[in-house]
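Me: Please take a close look at one part of this structure for me. I would like the open sheet and what lies against it.

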Amino acid sequence: MKDFFQKASAQLQNQLPFVLYRQPKSDILQSFFMADSKVVSTEFTRSGFTFFPFDNRQQNYFFDLEKSTYNEIEIIENEIFESINQSKTSIEEDEDQKRIYIQLLAESIHLLKQGEYQKIVLSRPIQFQLKNHNVFETFQKLLKLYTNAMVYVWYHPNEGIWLGATPETLVNYSQSQLKTMALAGTRVFQENSSPEWREKEIEEQGLVSRYIQTKLGKYSKQVKASATYDKQAGNLVHLNTDISARIQQKDLQHVILDLHPTPAVCGLPTEDAKSYIIENEKYNREFYAGFLGEINLPKVKTRSRSNRNQETLAIKQRRAETNLYVNLRCMKIKENKAQLFVGGGVTASSNATEEWKETRDKSQTLLKVL
Ligand SMILES: C=C(O[C@H]1C=CC=C(C(=O)O)[C@@H]1O)C(=O)O
């Protein structure tokens with residue numbers, strides 16, 4: 001593992017693009033290393049790794065499998081960076097920024113009450129200066145703390161470093177079976193007590209669930225949804241419904257672009273909420289609330305790695321998987337400055353101060369490891 005991080009470190013020093021990631025509940029660390037920093041846009045018919053912005057008019061990035069060095073290594077638990085400094089769990093928030101955000105929330109709630117929008121997901125950046133920061137140490141702490149999350153560090157010289165630990169799947173797709181989730185509603189996790197969900201959270205999660213099922217219904221007659229349950233994500237709990245559908249490979253790209261952005265990160269009606277966000281948040285979300293992950297990646301089973309004959313390669317090709325995650329609980333690092341991105345769904349029954357607190361609670365996911 002040490003060699004691996006040394007290689008990633010050299011890649012960063014040479015200002016060459018890369019991504020390291022570990023998917024939920026996996027003990028395999030995966031990586032793409034690029035030989036040059038040429039910008040390539042995502043091609044859903046090829047195999048590789050995508051990094052896709054919230055606003056699809058902005059540049060997205062694709063690490064094409066054929067043009068990268070792809071690697072998998074097993075994570076050895078006791079080789080992961082040990083000490084997790086839990087002391088820095090709060091930063092001094094700028095009072096002006098807080099006031100401006102609460103005002104935007106209040107104005108938006110007022111609009112929502114008039115019925116033009118059903119839901120708007122608002123967000124804000126939190127900026128601060130880093131001292132003696134090591135990206136790979138932070139990444140290893142994220143790996144250790146958030147085993148149920150997609151944990152990643154992504155870099156391109158044009159965009160800087162992005163790090164995150166997201167609990168939300170956009171699409172898992174393999175052999176015609178698509179799985180996704182409707183994740184929304186937030187409470188602080190408390191040991192030995194399950195949250196009592198209020199009408200507001202049940203409503204905002206229900207909107208997401210129905211929206212996704214309707215979208216998938218355009219492509220599939222077989223859309224299934226689980227019962228809604230509590231899903232823990234670090235210091236938080238969300239409401240979640242697992243949704244699955246049979247989708248033909250030829251439709252996959254359309255399904256992905258049709259689902260993104262879901263009302264878990266944008267709102268309803270989608271296009272109106274998106275315009276409202278872009279106009280009123282007064283900052284660029286960039287890749288926050290976008291999505292990232294593998295596209296058509298031939299699945300290499302660790303056990304069969306030594307057996308590289310034609311036959312196994314053919315099997316691998318057929319078992320290509322797409323595993324995409326919504327880019328939440330993430331931050332950007334550029335020149336010793338960190339920017340965290342936090343947001344939450346707002347409806348007519350929201351309370352502005354409570355919504356501000358929710359974003360503060362969400363910032364803990366990353367502040368814990370800095
Ligand atoms: C938009 C975010 O969270 C989404 C996912 C789970 C719960 C959410 C909520 O309670 O509003 C959001 O929909 C974020 O973490 O920045």
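**The open sheet and its surroundings**

Reply: Helix 8, residues 352-367, lies across strand 6 (119-129), strand 8, strand 17 and strand 18 (337-346). Helix 8 runs at about 135° to strand 18. Bear in mind that this is a predicted model.

Now the sheet itself. It is open and has 9 strands, with antiparallel pairing. The strand order is 5-2-1-7-8-17-18-6-14. Strand 5 (68-74) and strand 14 (267-268) are the edge strands, and each pairs on one side only.

Helix 3 (residues 135-145) also packs on the sheet. Helix 3 touches strand 1, strand 7 (150-156), strand 8 (160-166) and strand 17 (330-334). The direction of helix 3 makes about 10° with that of strand 8. Strand 8 and strand 17 are thus named for helix 3 and for helix 8 as well.

Next, one pairing within the sheet. Strand 1 (residues 18-22) and strand 2 (residues 28-34) run antiparallel, joined by 4 bridges. Val19 has Phe32 of strand 2 as its bridge partner.

The sheet also leads to the ligand. Around the ligand there are 17 residues, of which Thr186, Ala264, Gly343, Gly344 and Gly345 come nearest. Strand 6, strand 10 (177-188) and strand 18 each give two or more residues to this shell. Strand 6 and strand 18 belong to the open sheet. By class, the shell holds 7 nonpolar, 7 polar and 3 charged residues.

Methods. Residues are numbered from 1 along each chain as its sequence is written. This is a predicted model: local features need pLDDT of at least 70, side-chain atom pairs count only at pLDDT 80 or more; totals for chains, interfaces and linings use all residues. Two strands pair if DSSP finds at least two bridges between them. Two residues are in contact if their C-beta atoms, placed from the backbone, lie within 7 Å. Axes are lines fitted to C-alpha atoms, for helices over the stretch in contact, and angles run from 0 to 180 degrees between N-to-C directions. A residue is near a molecule or strand if its C-beta atom, placed from the backbone, lies within 6 Å of it. Ala, Val, Leu, Ile, Met, Phe, Trp, Tyr, Cys and Pro count as nonpolar, Asp, Glu, Lys and Arg as charged, and the others, Gly among them, as polar.
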